[in-house]
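Let's take a walk through this protein together, from its overall layout down to its ligand site. Keep the sequence and the 3D view at hand as you read.

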Amino acid sequence: MHDKIIILDFGSQVTQLIARRVREANVYCEILPCSVPLATLVDPNIKGIILSGGPASVYAPGAPTIDPRVYAGGVPVLGICYGMQITAHVGGGKVAPADHREFGRTEITVDTANPLFKGLAAKQTVWMSHGDRIESIPGSTVIANSSNCPLAAVTVPKLAFWGVQFHPEVAHTANGVTMIRNFLREICGCTGDWRMGSFIDEEIARIRTQVGDQRVILGLSGGVDSSVAAVLLHKAIGPNLTCIFVNNGVLRKDEAAGVRKLFADSIGINLDYVDATDRFLAKLAGLTDPEKKRKAIGYEFIAVFKEEAERLKKNGGGHVKFLAQGTLYPDVIESTSVHGGPTSVIKSHHNVGGLPADLGLGLVEPFRFLFKDEVRAIGKELGLPDSVVWRQPFPGPGLAVRIIGEVTRERVRVLQDADAIVRAEIATAGLEREIWQAFAVLLPVKSVGVMGDERTYEDTCALRAVTSSDGMTADWAKLPYELLGTISNRIINEVRGINRVVYDITSKPPGTIEWE
Ligand code: XMP
């Protein structure tokens with residue numbers, strides 16, 4: 001086993017960044033709620049503990065706290081911001097509201113002889129964000145200070161504790177990465193030999209231990225997370241994995257065939273393909289309100305998936321005991337309380353919407369501590385093609401939210417054809433990775449045109465292409481005019497039913513990426 005760092009989460013917005021920095025230093029880490037039972041922390045592989053920041057005041061009623069025995073194990077502990085304040089608080093020190101909230105870039109002077117600051121200059125720019133200040137910590141030695149913050153960083157040798165009042169995990173702390181690396185290497189003695197490849201091997205071993213010879217089902221959407229999860233599970237348990245792929249009738253052109261070809265034919269995964277097109281289109285008939293369309297698809301998906309899972313359970317002779325999901329760390333953290341306990345459930349809309357409890361299946365979530373780009377790296381390592389690893393996000397309700405107005409079989413066909421042209425031309429132009437998403441939207445707006453000698457009266461297609469780093473904000477993409485021209489010509493010439501193409505130049509905010 002590799003060295004392991006535990007990050008105890010006190011609710012900071014940037015706890016996940018700490019995890020990222022640790023893994024970037026090639027050390028494996030896990031994030032646990034700060035209230036985790038002490039026994040969980042008794043593990044010879046744990047080489048260090050990091051206490052995250054948090055929004056509370058340590059002296060506020062109900063503020064998250066820490067079991068002082070955490071410091072008694074001899075494992076080095078690094079407290080960041082709240083993590084340092086709570087250490088002062090439980091150790092008999094004094095924390096009080098500061099006169100001025102300290103926020104933003106700050107110059108500090110560090111003790112370069114301390115291993116935490118090894119290799120760094122005495123003057124450092126760091127990012128502060130706290131309203132309370134530490135006035136004393138018993139047994140501490142100051143190792144960094146600023147004019148406003150006399151205890152910017154300390155050590156408490158008796159507790160093997162290092163504390164910083166700033167955030168080394170954020171990019172604004174210029175040498176934060178070095179400080180975290182120093183904590184891991186110089187103080188905890190981690191070897192830094194962890195790689196994504198090691199993650200794959202360890203996770204396969206963990207999955208095998210968790211599920212034994214029971215069977216696992218996985219909802220495969222064709223997206224990055226569920227695809228990589230499917231391949232990892234397949235590697236771990238082979239034929240004991242069955243993937244359920246539901247064709248909801250609003251997938252992109254050739255999507256269902258592509259998923260079957262790759263996962264069933266090439267990789268050899270048990271794939272249960274459910275063509276529920278008719279069911280979904282029947283539910284969508286007559287609906288034009290975006291929310292109603294989304295809900296209809298969500299409910300029907302759960303219904304189909306449940307039926308299929310029940311059928312597999314029955315046929316599996318009671319051996320189907322687990323549901324695997326490609327849940328990512330950001331999904332987990334949004335639904336986990338810093339106090340731990342029963343709230344650590346997956347968001348109800350995630351993946352297969354609240355199915356686990358209903359189905360009475362255990363959960364297998366190999367990526368619960370990972371970020372999207374890390375999952376992409378695993379997919380690459382597992383040999384998945386770029387077309388899957390770099391697939392653009394695609395909404396669960398599929399083309400239904402890109403067909404404005406009623407969704408009919410014919411309109412799905414029209415949009416699938418237009419969308420396929422957009423994707424092909426973006427790929428030919430080599431812009432797939434630069435563009436976050438590029439797609440066509442079918443509008444219920446007819447206009448007059450002329451083709452050959454004939455007058456046409458057909459629908460309008462809007463092109464949507466955006467750049468973004470996370471989908472939360474986005475800019476409309478400045479696609480070259482020639483490319484826009486090619487896409488427009490091809491759609492009008494090749495797609496029956498569209499005679500006009502327009503380009504959407506709205507950024508997010510105020511727009512959204514999808515039209516519905
Ligand atoms: P909006 O339209 O809100 O979309 O700017 C932001 C990102 O989320 C995707 N999206 C969805 N993904 N289920 C999903 O899995 C959905 O219901 C859904 N709606 C939007 C969208 O494609 C974009 O990447």
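How far apart do the C-alpha centres of domain 1 and domain 2 lie? They lie 37 Å apart. Before going further, please note that this is a predicted model, in which local features need pLDDT of at least 70 and side-chain atom pairs count only at pLDDT 80 or more, while totals for chains, interfaces and linings use all residues. Residues are numbered from 1 along each chain as its sequence is written, and side-chain values use heavy atoms, with hydrogens and water left out.

The domain assignment gives domain 1 (4-187), domain 2 (196-389) and domain 3 (409-503); such bounds come from an automatic or database domain assignment. Helices (H or I, at least four residues) and strands (E, at least two) are DSSP runs, numbered from the N terminus. Two strands are said to pair if DSSP finds at least two bridges between them.

Let's begin with the open sheet of 9 strands, whose order is E2-E1-E3-E4-E9-E8-E7-E5-E6, with mixed pairing. Its edge strands are E2 and E6 (123-136), each of which pairs on one side only. From one strand to the next, the twist averages 25 degrees; for such angles, axes are lines fitted to C-alpha atoms (for helices over the stretch in contact), and the angles run from 0 to 180 degrees between N-to-C directions. At the E6 edge, E5 and E6 pair in the antiparallel sense over 12 bridges, with Ser136 in E6 as the bridge partner of Lys94. E5 (residues 94-110) also pairs with E7 (residues 141-145), again antiparallel, over 2 bridges; there, Val110 stands opposite Ala144. E7 in turn is joined by 3 bridges to E8 (residues 153-156), and these two run antiparallel. Look for Thr141 opposite Thr155 in E8.

Two loops deserve a pause for their backbone angles. Asn26, in the loop between helix H1 (15-24) and strand E2 (28-33), has a positive phi of about 65 degrees although it is not a glycine. Cys81 sits in the loop between strand E4 (77-80) and helix H2 (82-90), and this non-glycine residue has a positive phi of about 55 degrees. As background, most residues other than glycine have a negative phi, and most peptide bonds are trans.

Next comes an open sheet of 5 strands, with parallel pairing and the order E12-E11-E10-E13-E14. Here the edges are E12 (270-275) and E14 (362-364), each pairing on one side only. The twist from one strand to the next averages 30 degrees. Within this sheet, 4 bridges join E10 (residues 215-219) to E11 (residues 241-247), which run parallel. One pair to find is Gly219 and its bridge partner in E11, Ile244.

Further along the chain, E15 (residues 437-451) and E16 (residues 454-467) pair in the antiparallel sense over 13 bridges, with Gly449 opposite Thr456 in E16. Their hairpin has 2 residues between the strands, and Gly452 takes a positive phi near 65 degrees there. E16 has other partners as well. With E18 it pairs in the parallel sense over 5 bridges, and Ile498 in E18 is the bridge partner of Asp459. With E17 (residues 475-476), E16 pairs in the antiparallel sense over 2 bridges, where Val466 is matched with Trp476.

What lies in the segment after E18 (498-503)? Pro509 is found there, and so is Pro510. The peptide bond from Lys508 to Pro509 is cis, with omega near -15 degrees, and another cis bond joins Pro509 and Pro510, with omega about 10 degrees.

Lys508 also brings us to the ligand. Among the residues that surround the ligand are Arg294, Pro393, Gly396, Trp436, Gln437, Lys508 and Glu514, where a residue counts as near if one of its heavy atoms lies within 4 Å. An oxygen atom of the ligand is 2.6 Å from an N or O atom in the side chain of Lys508. Glu514 likewise has a side-chain N or O atom 2.6 Å from an oxygen atom of the ligand. A nitrogen atom of the ligand is 3.1 Å from a polar backbone atom of Gly396. For reference, a polar contact is a pair of N or O atoms within 3.5 Å; within protein, one must be able to donate a hydrogen and the other to accept it, and residues adjacent in sequence count only if both atoms are side-chain atoms.
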